[in-house]
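Thank you all for coming. I would like to walk through one model this morning, going from a small sheet to the empty spaces, then to backbone angles and charged pairs.

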Amino acid sequence: MTNYITKMYHNWVEYQFKWSGGGSVKLPAIADLTAKKGNAKATIKWTDPDDVVVEWDTLAERASTKLVRKAWSAPANSEDGTLVLTETVKNSYSSTGYEDTWLTNGTTYYYVAFAVSDAWAETASAPVSVTPKATQKFTISWTETSTPWSFNPTYSDDAQWLSAGSTAFDEFFNYSAVRLDTSWNVTAEVEQTTPWQLDFSQLWTLTSGDNVMIKFPLMWIKMTKSGSTVTLSITDDPDATSDGFQYYAHCTGTLSNPWTPKNAFYLWAYEASNNGSNVLKSWSGKSPEASQTQATFCSRASANGSGYNIIWYYQRQFVNALYMMKYGNPDSQTVVGRWFVDWNSASHITWWLDSQLSATWGETAWKTQCKLFWLEDWWGNVHEWIWWVYTDWNKNLCVQLSWYSGAVSGWESTWSTIQHTWSGYDLSSIVWNNKVLFWPSATVNNSSYNTYYCDYVFVNASRLAYAGGGWNDGSLAGAFYLTVYIDASASYAYIGSRLMFL
């Protein structure tokens, strides 16, 4: 009799909740709802709170979780939108998630998970949004020869109908210019006046906390080599890692165990300048900071806030991969411009290139400045310190993703000894290892600096690296310029850096 009365009481309470819209019982909300986009699909994942038990006969405990989808705005309740599923077994989708298919690419969908009690009370999670899109893979192959114009690049996959220099590459890369503050907030997206041309006047008025940054969304890279033929593929397919693609530019952790990649990383539009209080900034028209050790640059960059530092090895390689994919010619000075590389003194400044609206702009004939993907002075003006790359005593390349130290201990070696260390050498070939991308596998002595990858390379033992080329490097400078011979305690007027946020 007692059990019967208890059951009747619970049914009565459930009836009251059903028709009154709740009561005093409040279920815990799902706190970790996530949505990952795919091609005409989205994968939704969440974890049910520990105190949730699916028992229909127990008052105020979860009877189910309802996942609801709505286009363009968040569902207000479980009947406002499309009911995707009703979960009745705890944590059914906490591991692999639920794949919601037959979605429309380009449409933004909002998802809310409603915890429903046996009394029909609902507790909504915070909404998450996702915009499915068709994934693409662009591939380029080239053969390393003694002259860069003989590389004869071949495009395939979704790039097969494109030609070098097409703006379709920019659309695929999807980079954008923003203002980023020290709380990781994008305070302004720069509007495009025409495709891949920007109104940079929107960035002239900056607060002390803002930096002008270029946002590079998450993409996956794969580079292989067979004989002298190199194949580079770039994709936005999040499942591509199963096919050997890497995403080190967008993640921390370690090479052997990288953490979940971020949706984007950010690079300074301008070279590092000092705001007068030993905090590095990315502001137009400012003289770049120089004559500082790598550690000092790291300290002054991180003064912007958590997530800021100087550029890492993999972000530099990522941009160079975009360059090679778009232009298919390693002679970057001929393709884009010489930059500020023909001077013999330290009278170097960052010029205003804001009036040149296009993403990549420059002159190849004489001493000037230019920009690549809205990055001013990617080579030329001053060199750029690279963080988290080091050579050991055997000249093995060692890199990290997660922290800085001035010694090789704890770093991961990714490639064997580079044999040639003399100055005055061109980069003649790159290694096949997908972890290092454009790291040199050999050098060639050529005083004209117009062969192979065109740019100067020097690798020494137990040293730090800088890249890009400086104001007096002439034809040595370029996208693939790499020097690893500076001690951690050194500082020079011709070495600066570039801010990164991840």
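Please keep in mind throughout that what you see is a predicted model. Let me begin with an open sheet of 3 strands, whose order is β1-β2-β5 and whose pairing is antiparallel. The edge strands, each pairing on one side only, are β1, covering 34–38, and β5, covering 98–100, and from one strand to the next the twist averages 25 degrees. Between β2, residues 41–45, and β5 there are 3 bridges, with the two strands running antiparallel, and in this pairing A42 stands opposite D100 of β5.

D100 deserves a second look, since its side chain meets that of R69 in a salt bridge, at 2.6 Å from N to O. The two residues are 31 apart and link distant parts of the chain, with D100 in strand β5 and R69 in strand β3, residues 62–71. Are the two partners buried or exposed? D100 is buried, its relative accessible area being 5%, and R69 is buried as well, at 15%.

Strand β3 also holds K70, which is tied to D80 in the loop between β3 and β4 (82–87), so that this pair joins parts 10 residues apart in sequence. The closest N and O atoms of D80 and K70 are 3.1 Å apart. K70 has a relative accessible area of 24%, and it therefore counts as partly exposed.

Let me turn now to the empty spaces. About 1,400 Å³ of space lies in the largest pocket, and of the 41 residues that line it, K37, L218, W220, K262 and N263 are the closest to its centre. Strand β1, which we met at the edge of the sheet, gives the largest share of this lining, with 5 residues; β2 is also among the elements that give two or more, as are α2 (167–173) and β18 (264–268). By residue class, the pocket lining divides into 18 nonpolar, 15 polar and 8 charged.

As for enclosed space, the structure holds 3 cavities of 30 Å³ or more, and the largest cavity contains about 120 Å³. It is lined by 14 residues, of which Q317, N320, F480, Y481 and L482 are the closest to its centre. Helix α4, residues 313–327, gives the most to this lining, namely 4 residues, and the lining as a whole comprises 11 nonpolar residues, 2 polar and 1 charged.

Next, two backbone angles. Most residues other than glycine have a negative phi. N381, however, has a phi near 70 degrees; this residue is found in the loop between β23 (375–376) and β24 (383–391), and it is buried, with a relative accessible area of 0%. C454, in the loop between β28 (440–445) and β29 (457–459), likewise has a positive phi, of about 75 degrees, and at 2% relative accessibility C454 also counts as buried.

Finally, strand β24 brings us back to charged pairs, of which the model has 13 in the form of salt bridges. E384 in β24 is linked with R498, which lies in the loop between β32 (495–496) and β33 (499–501), 114 residues apart, and their closest N and O atoms are 2.8 Å apart. R498 counts as buried at 0% relative accessibility, and E384 is buried at 1%. This pair does not stand alone, since R316, E384 and R498 are linked in a network of salt bridges.

Note on methods. Residues are numbered from 1 along each chain as its sequence is written. This is a predicted model: local features need pLDDT of at least 70, side-chain atom pairs count only at pLDDT 80 or more; totals for chains, interfaces and linings use all residues. Side-chain values use heavy atoms; hydrogens and water are left out. Two strands pair if DSSP finds at least two bridges between them. Axes are lines fitted to C-alpha atoms, for helices over the stretch in contact, and angles run from 0 to 180 degrees between N-to-C directions. On a 1 Å grid over the protein atoms alone, a cavity is a set of points where a 1.4 Å probe fits but cannot get out, and a pocket is an open set with protein on both sides within 12 Å along at least five of seven lines; lining residues have an atom within 4 Å of a point. Grid points are joined across faces, edges and corners, and a volume is the space filled by probe spheres set on the points. Ala, Val, Leu, Ile, Met, Phe, Trp, Tyr, Cys and Pro count as nonpolar, Asp, Glu, Lys and Arg as charged, and the others, Gly among them, as polar. Buried means under 20% relative accessible area, exposed over 50%, partly exposed in between (1.4 Å probe, protein chains only). A salt bridge is a side-chain nitrogen of Lys or Arg within 4 Å of a carboxyl oxygen of Asp or Glu.
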